[in-house]
Amino acid sequence: LTCASESEKMAISVKDNAGVYFVPALVGLGAPYWDQNARGAIFGITRGTSGNHIVRAALEAMCYQTKDVLLAMQKDSGLKIKDLKIDGGASMNNFLCQFQADILGINVVRPKVTETTSLGAAYLAGLAVGYWRDSKEIKKCWERDRIFRPKMKKETASKYYREWFDAVKRILAK
């Protein structure tokens, strides 16, 4: 099993996060909070909390942090994000992708080639040596694997995000 599939199995083995939130401020907290003195924490642990809840909370934290940054970007730019294209190893985790779509309330699009950051560097090299004519030619190479559409009720997603934000406020040093 891959790391993504093992964490996915663990996350979906529990019906929800059981109120467990992980704030991964292990070296401070970056955008949009900018608190270098914040410290990581796990909130909501009870005797019923399992390792699977903690794994789920860690995966969910990635999604909440993405929402934090996207909200800041939307506020600064005045633009509304309609879809989120993702890549990298974590994008192979279907639970993570679906939860991201649910929390953001937008479609999350995964490409067939998930290491597109590395591929982009190769494309740039190809442009530099004349292998590709232009960026339009490169765009034709991109293929979608799957679209994750929001399924969670908006009220539920809002509740989860509010509880995340409450956990973040508790670790801020300011």
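Is Phe-99 buried or exposed? Phe-99 is buried, with a relative accessible area of 3% (buried means under 20%, exposed over 50% and partly exposed in between, using a 1.4 Å probe and protein chains only). The model is predicted, so to speak of local features takes a pLDDT of at least 70 and side-chain atom pairs count only at pLDDT 80 or more, while totals for chains, interfaces and linings use all residues. Residues are numbered from 1 along each chain as its sequence is written, and side-chain values use heavy atoms, with hydrogens and water left out.

**Overall layout**

- The protein has 6 helices and 5 strands (DSSP runs numbered from the N terminus, with H or I of at least four residues for helices and E of at least two for strands).
- Following the sequence, these elements come in the order α-β-β-α-β-α-β-α-α-β-α.
- The C-alpha trace spans about 60 × 40 × 30 Å along its principal axes.
- Of the 174 residues, 37% are buried.
- Among contacts with a separation of 6 or more, 75% link residues 24 or more positions apart (a contact means heavy atoms within 4.5 Å).
- The protein exposes about 10,700 Å², and carbon and sulfur atoms supply 57% of that area (Shrake-Rupley method with a 1.4 Å probe; for residues, only the protein chains shown count as cover).

**Aromatic residues**

- The whole structure holds 9 aromatic pairs (rings of Phe, Tyr and Trp, the last by its six-membered ring, with centres within 6.5 Å; planes under 30 degrees apart are stacked, over 60 edge-to-face and the rest tilted).
- One of these pairs is Phe-95 with Phe-99, which is stacked at 5.8 Å centre to centre with 20 degrees between the planes.
- Phe-95 and Phe-99 are separated by about one helical turn because they stand 4 residues apart in helix α3 (residues 94-104).
- Phe-95 has 10% relative accessibility, so this residue counts as buried.
- Tyr-131 and Trp-132 make an edge-to-face pair, 5.1 Å centre to centre and 85 degrees between the planes.
- The two partners differ in burial: Tyr-131 is exposed at 63% relative accessible area, whereas Trp-132 is buried at 16%.
- One aromatic cluster brings together Tyr-21, Tyr-64, Phe-95, Phe-99, Tyr-160, Tyr-161 and Trp-164.
- Within helix α2, Tyr-64 is buried, with a relative accessible area of 1%.
- Tyr-64 touches Asn-17, Tyr-21, Phe-99, Ile-103, Tyr-160, Tyr-161 and Trp-164, leaving aside residues up to four places away in sequence.

**Charges over rings**

- Lys-67 lies over the face of Tyr-161, 4.8 Å from the ring centre (NZ of Lys or CZ of Arg must be within 6 Å of the ring centre and within 35 degrees of the ring normal).
- Lys-85 places its charged end over the ring of Trp-142, at 4.2 Å from the centre.

**Helix α6**

- Helix α6 (residues 154-171) has 18 residues, so at 1.5 Å a residue it should span 26 Å, and its end C-alpha atoms are indeed 26 Å apart (the expected span is 1.5 Å times one less than the number of residues).
- The buried residues of α6 are Ala-157, Tyr-160, Tyr-161, Trp-164, Ala-167, Val-168 and Ile-171.
- They cover an arc of only 115 degrees around the axis, so they fall on the same side of α6 (the arc is that of the directions from the helix axis to the C-beta atoms).
- These buried residues pack against β1 (21-23), β2 (41-43), α2 (51-77) and α3.
- The face of α6 turned away from the buried side carries the exposed residues Glu-155, Arg-162 and Arg-170.

**Around helix α4**

- Helix α4 (residues 116-128) has 13 residues and an expected span of 18 Å, in agreement with end C-alpha atoms 18 Å apart.
- Gly-130, just after α4, has a positive phi of about 85 degrees.
- Thr-114 sits in the loop between β4 (107-111) and α4, where this residue counts as buried at 13% relative accessibility.

**Backbone points to check by eye**

- Most residues other than glycine have a negative phi, and most peptide bonds are trans.
- The peptide bond from Ala-31 to Pro-32 is cis, with omega near -5 degrees, and Pro-32 lies in the loop between β1 and β2.
- Trp-34, in the loop between β1 and β2, has a positive phi near 50 degrees and is exposed at 60%.
- Ala-18, in the loop between α1 (3-12) and β1, has a positive phi near 55 degrees and counts as partly exposed at 43%.
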